[in-house]
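I opened this notebook to keep track of what I look up in the structure. The entries follow in the order I made them.

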Amino acid sequence: MSDTGMGTNPGTSRESRQSGLSRARSATRLPAQDLDRARRFYAEKLGLEPVDERPGGLLYRCGGTEFAVFRSTGVSPGTFTQMGWEVDDLESVMSELAQRGVVFEEVDAPGFRTSGGISEIEGNYPSKGARGERGVWFRDSEGNLLGIGELVV
């Protein structure tokens, strides 16, 4: 080791170039101006209950990952996807959520073909082994834009 605490030959292997974050779990944080309203939305519309809470925050777990909704004085611009879920059967999930009152957004963006509210997205990350993705978006009670996707293999 050098006196900087770094290895003497940093960057010689992929592992040595990875930061501590490459081994960490990621967790999304979504702002809410009204935490009680957000709690009701996630429970009634999405069927999700917090697994933990603290003053000013609610913690949710889905599929081995976590996200938190926190009280904020800031407003989400809702102009981009802030969090998404990857599902195996998009139509089934859409149907369930629509019955609960979720309203899906019509997305018209370059590279997307939308039919029946579902966007067909060409290409995907090669490591996922898919040729594309089908996706839908909706807003939570706080204006956060959330997405749901299904891989096209």
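Entry 1. I looked up how strand 1 and strand 4 (residues 65–71) pair, and found the parallel sense, over 6 bridges. The model I am reading is a predicted one. Within this pairing I picked out Pro31, which stands opposite Phe70 in strand 4.

Entry 2. I then noted the whole sheet. It is open, has 4 strands in the order 1-4-3-2, and its pairing is mixed. Strand 1 (27–32) and strand 2 (52–54) each have a single partner strand and stand at the edges, so one side of each lacks a neighbour in the sheet. For the twist, I noted that neighbouring strands of this sheet are turned by 20 degrees against each other on average, direction ignored.

Entry 3. Which strands does helix 2 touch? I found that helix 2 (residues 35–44) packs on the sheet and touches strand 1, strand 2, strand 3 (57–62) and strand 4. The direction of helix 2 makes about 145 degrees with that of strand 4.

Entry 4. I moved on to Ser119, which lies in strand 8 (residues 118–122). Is Ser119 buried or exposed? Its relative accessible area is 1%, and buried means under 20%, so I entered Ser119 as buried.

Entry 5. I looked up the surroundings of Ser119. Leaving out residues up to four places away in sequence, Ser119 touches Val107, Phe112, Arg113, Thr114, Glu133, Arg134, Gly135 and Trp137. With Thr114 there is also a polar contact, side chain to side chain, at 2.9 Å.

Note on methods. Residues are numbered from 1 along each chain as its sequence is written. This is a predicted model: local features need pLDDT of at least 70, side-chain atom pairs count only at pLDDT 80 or more; totals for chains, interfaces and linings use all residues. Side-chain values use heavy atoms; hydrogens and water are left out. Two strands pair if DSSP finds at least two bridges between them. Helices (H or I, at least four residues) and strands (E, at least two) are DSSP runs, numbered from the N terminus. Axes are lines fitted to C-alpha atoms, for helices over the stretch in contact, and angles run from 0 to 180 degrees between N-to-C directions. Contact means heavy atoms within 4.5 Å. Buried means under 20% relative accessible area, exposed over 50%, partly exposed in between (1.4 Å probe, protein chains only). A polar contact is a pair of N or O atoms within 3.5 Å; within protein, one must be able to donate a hydrogen and the other to accept it, and residues adjacent in sequence count only if both atoms are side-chain atoms.
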